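This report describes the fold of one protein chain, going from strand pairing to helix packing. Please look at the sequence and the model before reading on.

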Amino acid sequence: MLIGNNLHLTYCSNIHPGETWNEVFNALKENIPSIKKSLAPEKSFGIGLRLSDEAAKDLLHNNELEIFKSWLDKNDCYVFTMNGFPYGGFHNTIVKDDVYKPDWTTNERLLYTSNLIKILEHLIPNNSEAGISTSPLSYKPWMINSCNTTDVFETAAVNLIKCVVDLHHIRKTTGKYIHLDIEPEPDCLLENSKETIDFFNNYLIPYGTDFLTATLHVDEKTARAIITDHITVCYDVCHFAVEFGEPGEVLKAFKDAGIKIGKVQISAALKVVTDPDASTHPDPPEGGRSSISDDKYTEGLPLGQGLNRENVLKQYKAFAESTYLHQTIVRDKKNKLHHFSDLPEALKHFDDENFVEWRTHYHVPVFMQSYNELQSTQEEILKVLSILKENHFTNHLEVETYTWEVLPKEDRIEIKDSIVRELKWVIENFK
């Protein structure tokens, strides 16, 4: 649905379990009409469609695409964005680092994304825009002993440019503008703005420019424009918040580098502040890594009065579940960042009084600011929305909260009501 100055707003359907197309379609039919009725009874309702590789293949067989398109038309709905990040199972299974498989070095990831492009091309009208968010190339821990990261960057760039060629052809022949939105995420090969910009400048654009000038017979300036039109960034607010990336600085860095934001995923991370003065400290720059073994601490600010670490730790542990990775980055009193691959690992150091602010990759409901003595990074969403009001840097907004089933029981709300409440919160805070 449209809000503000022609911004498309929806939620990501990965909130609904389903790995086959039949399961996905049944979930859409069960949930979308009532959600639309609550939010946009007189407007067209946009859908953020998540398809596994299996579901995408199912949808491309027989007459399934036409059946789905007819259902969309009948229900006054449309698809303008897809989540092409998780390739396989995402619910009722242990996901962890499997969510990054296959990565962008593989033909499987390329073929999966190509199928999503075919589906989206069929679903959207001529001269319209749509996007597909995708994984940030690969997962850093896999790189440590297994391969040369330069080879990974180069292979990923080659595969992405193959998609660019197809997307450029679609746009040239139909006017349908489809972009792939790379989604930086903690502990991935691209996890912050600096790493993403470096990949564009050192691999994607140089390789792509050479390839496109030779195959499309265009000049270098045109080739670069084709690349940056069709490979953009998915700004997941939760992910950048976990990295302690200040929204204004991150968005300016992308703009200055000539990299577009294809989609904003509106999402909140889990936050714990163990120093009441921590919120007055300036956010440190992105990308500062350290290991727990080589840190040297000095005396800093005392802990605040009234904080019961045992109670806070007990509440925090309730979010340490076994389905998804919950990368955690902790800021210390010297504004140094400490990265932990998962929440249980981080919590081993919770009694360290030099750690003052903890941010965890856990997509908590955007309308909830706190969970007893725990908090969310909702403020980062408000900052992004404020910037968006002044500077229309994307056309696509998608709320992505997928952890409802693993939230502590006391924080769970009926799923349809939760979706409606999330979207209403965004609409209200964008006025």
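## Strand β12 and its partners

Ile329 has Arg359 in β12 as its bridge partner. Ile329 belongs to the pairing between strand β10 (residues 328-332) and β12, an antiparallel pairing with 5 bridges. Two strands are said to pair when DSSP finds at least two bridges between them. Helices (H or I, at least four residues) and strands (E, at least two) are DSSP runs, numbered from the N terminus.

The model is a predicted one, in which local features need pLDDT of at least 70 and side-chain atom pairs count only at pLDDT 80 or more, while totals for chains, interfaces and linings use all residues. Residues are numbered from 1 along each chain as its sequence is written, and side-chain values use heavy atoms, with hydrogens and water left out.

Strand β12 (residues 355-364) is also joined to β9 by 5 bridges, and these two strands run antiparallel. Leu270 has Thr360 in β12 as its bridge partner. β12 is mostly covered, with 10 of its 10 residues buried. Buried means under 20% relative accessible area, exposed over 50%, and partly exposed in between (1.4 Å probe, protein chains only).

## The antiparallel sheet

Strands β10, β12 and β9 are part of an open sheet of 6 strands, in the order β11-β10-β12-β9-β14-β13, with antiparallel pairing. β11 (337-340) and β13 (370-371) stand at the edges with a single partner strand each, so one side of each has no neighbour in the sheet. As a general point, the strands of a sheet pair through backbone hydrogen bonds, either parallel or antiparallel.

Strand β9 (residues 268-273) has 5 of its 6 residues buried, so the rest of the structure largely encloses it. Besides β12, strand β9 pairs with β14 (residues 374-376), antiparallel and over 2 bridges. In that pairing Lys271 stands opposite Gln375 in β14. β14 pairs in turn with β13, again over 2 bridges and in the antiparallel sense. Here Tyr371 has Leu374 in β14 as its bridge partner.

## The mixed sheet

Another open sheet has 9 strands, in the order β1-β2-β15-β8-β7-β6-β5-β4-β3, and its pairing is mixed. The edge strands are β1 (2-3) and β3 (45-50), each of which pairs on one side only. β3 runs parallel to strand β4 (residues 77-83), and 6 bridges join the two. Arg50 stands opposite Asn83 in β4.

Helix α10 (residues 247-256) packs on this sheet, touching β7 and β8 (261-266), and its direction makes about 180° with that of β7. Helix α7 (residues 193-215) lies across β6 (177-182) and β7 (231-236), running at about 170° to β7.

## Helix α6 and its neighbours

Helix α4 (residues 107-123) packs against helix α6 (residues 149-174) at an angle of about 15°, with the axes 10 Å apart. α4 is therefore roughly parallel to α6. The axes are lines fitted to C-alpha atoms, for helices over the stretch in contact, and angles run from 0 to 180 degrees between N-to-C directions. Angles under 35 degrees count as roughly parallel, over 145 as roughly antiparallel, 65 to 115 as roughly perpendicular and the rest as oblique.

On the α4 side, Leu110, Thr113, Ile117 and Glu121 meet Asn159, Lys162, Cys163, Leu167 and Ile170 of α6. Contact means heavy atoms within 4.5 Å.

α6 also packs with helix α8 (residues 220-230), at about 95° and with axes 10 Å apart. This makes α6 roughly perpendicular to α8. From α6 the contact involves Ile161, Val164, Leu167, His168 and Arg171, and from α8 it involves Ile226, Ile227, Asp229 and His230.

## The chain as a whole

The chain contains 14 helices and 15 strands. Of its 431 residues, 57% count as buried. Among contacts between residues at least 6 apart in sequence, 81% join residues at least 24 apart.

One pair distant in sequence is Glu30 and Lys416, which are 386 residues apart in sequence and 9.8 Å apart in space, C-alpha to C-alpha. Glu30 is found in helix α1 (residues 21-39). Is Glu30 buried or exposed? Glu30 is exposed, with a relative accessible area of 52%.
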